[in-house]
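User: I would like to go through the labels attached to this model and see the reasoning behind each of them. Please set every value against its criterion.

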Amino acid sequence: MNQFMEAAIAEGRAGMRAGEGGPFGALIVREGEIVARAHNEVLGTHDPTAHSEVLAIRRASAALGRFDLSDCEIYSSCEPCPMCFAAIHWAKIRTLVFGCTKGDAARIGFDDEFIYEVIRGTARRAQVSVRQESREDALALFGEWERMASRRMY
């Protein structure tokens, strides 16, 4: 077994056994060295975004002092959910290696299919009511950003 995948699985096991969340672990690796590791902490922190991949990205960014992780890889015990998959893209990580599939996760109760249906526009019922308001005021904020000489894109 790949040493990094083995460590990601061990991290998921540790968090699960500690009662902090489900059986999910992730590592960020740079140049063959582990930069950060995390397990799911949703139950332990009462934070629905405390997935292992997101936490590993946060910790790697803090350790490296930057938001661009394009020279890193992420190893996850499971195929990332839509939120984590998006976070991997925002962090510019170029390589994702995972163990279990989203289908495997669904079989044990972690089913994200309803989110994929919303993204595809095929959802039969809306879980979230969505409306747009105050566009002109929000555009003023965007205009301020565009005029800032010190703005830094990410």
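Analyst: Arg-107 and Asp-104 are three residues apart in helix H5 (residues 102-107), which means that about one helical turn separates them. The model discussed here is a predicted one.

User: Why does a separation of three residues matter in a helix?

Analyst: An α-helix has 3.6 residues a turn, so residues three or four places apart point the same way.

User: What makes the contact of Arg-107 with Asp-104 a salt bridge?

Analyst: The closest N and O atoms of Arg-107 and Asp-104 are 2.4 Å apart. The criterion asks for a side-chain nitrogen of Lys or Arg within 4 Å of a carboxyl oxygen of Asp or Glu, so the pair qualifies as a salt bridge.

User: Which exposure classes do Arg-107 and Asp-104 receive?

Analyst: Arg-107 has a relative accessible area of 63%; exposed means over 50%, so Arg-107 is exposed. Asp-104 has 28%, and values between 20% and 50% count as partly exposed, so Asp-104 is partly exposed.

User: Which residues are joined into one network by salt bridges that share partners?

Analyst: Arg-30, Glu-31, Arg-66 and Asp-71 make up that network. Within it, Arg-30 and Glu-31 meet at 3.8 Å, N to O, and Arg-66 pairs with Asp-71 at 3.1 Å between the closest N and O atoms. The cut-off is 4 Å, so both pairs are called salt bridges. A search of the whole structure finds seven salt bridges.

User: How do you know whether the members of this network are buried or exposed?

Analyst: Glu-31 reaches 67% relative accessibility and the threshold for exposed is over 50%, so Glu-31 counts as exposed. Arg-30 has 26%, Arg-66 has 27% and Asp-71 has 34%. These three values fall between 20% and 50%, so Arg-30, Arg-66 and Asp-71 are partly exposed.

User: What makes the phi of His-46 worth a remark?

Analyst: His-46 has a positive phi of about 60° although it is not a glycine. Most residues other than glycine have a negative phi. His-46 lies in the loop between helix H2 (42-45) and H3. With a relative accessible area of 73% against a threshold of over 50%, His-46 is therefore exposed.

User: Where does Lys-92 lie, and why is it called partly exposed?

Analyst: Lys-92 follows H4 and lies in the loop between H4 and E4. Its phi is positive, about 65°, although Lys-92 is not a glycine. The relative accessible area of Lys-92 is 33%, a value between 20% and 50%, so the residue is partly exposed.

User: Which residues of helix H4 are called buried, and what do they pack against?

Analyst: In H4 (residues 82-90), the buried residues are Pro-82, Cys-84, Ala-87 and Ile-88. The label requires under 20% relative accessible area. These buried residues pack against helix H3 (52-64), strand E3 (72-78), strand E4 (95-100) and helix H6 (113-120).

User: Why can Tyr-154 belong to a nonpolar surface patch?

Analyst: Tyr-154 has 67% relative accessibility, and patch members need over 30%, so Tyr-154 meets that requirement. The patch is formed by Phe-67, Trp-145, Met-148, Met-153 and Tyr-154, with about 570 Å² of accessible area together. Tyr-154 lies in the segment after helix H7 (135-147).

Technical notes:
Residues numbered from 1 in each chain as written. Predicted model: local features only at pLDDT ≥ 70, side-chain atom pairs only at ≥ 80, totals over all residues. Heavy atoms only, no water. Buried < 20%, exposed > 50% of the residue type's maximum accessible area, 1.4 Å probe, protein only. Helix = DSSP H or I, 4+ residues; strand = E, 2+ residues; numbered from the N terminus. Contact = heavy atoms within 4.5 Å. Patch = residues over 30% accessible without salt bridge, like charges linked within 9 Å, V, L, I, M, F, W, Y side chains within 5 Å. Areas by Shrake-Rupley, 256 points an atom, 1.4 Å probe, with all protein chains shown as cover.
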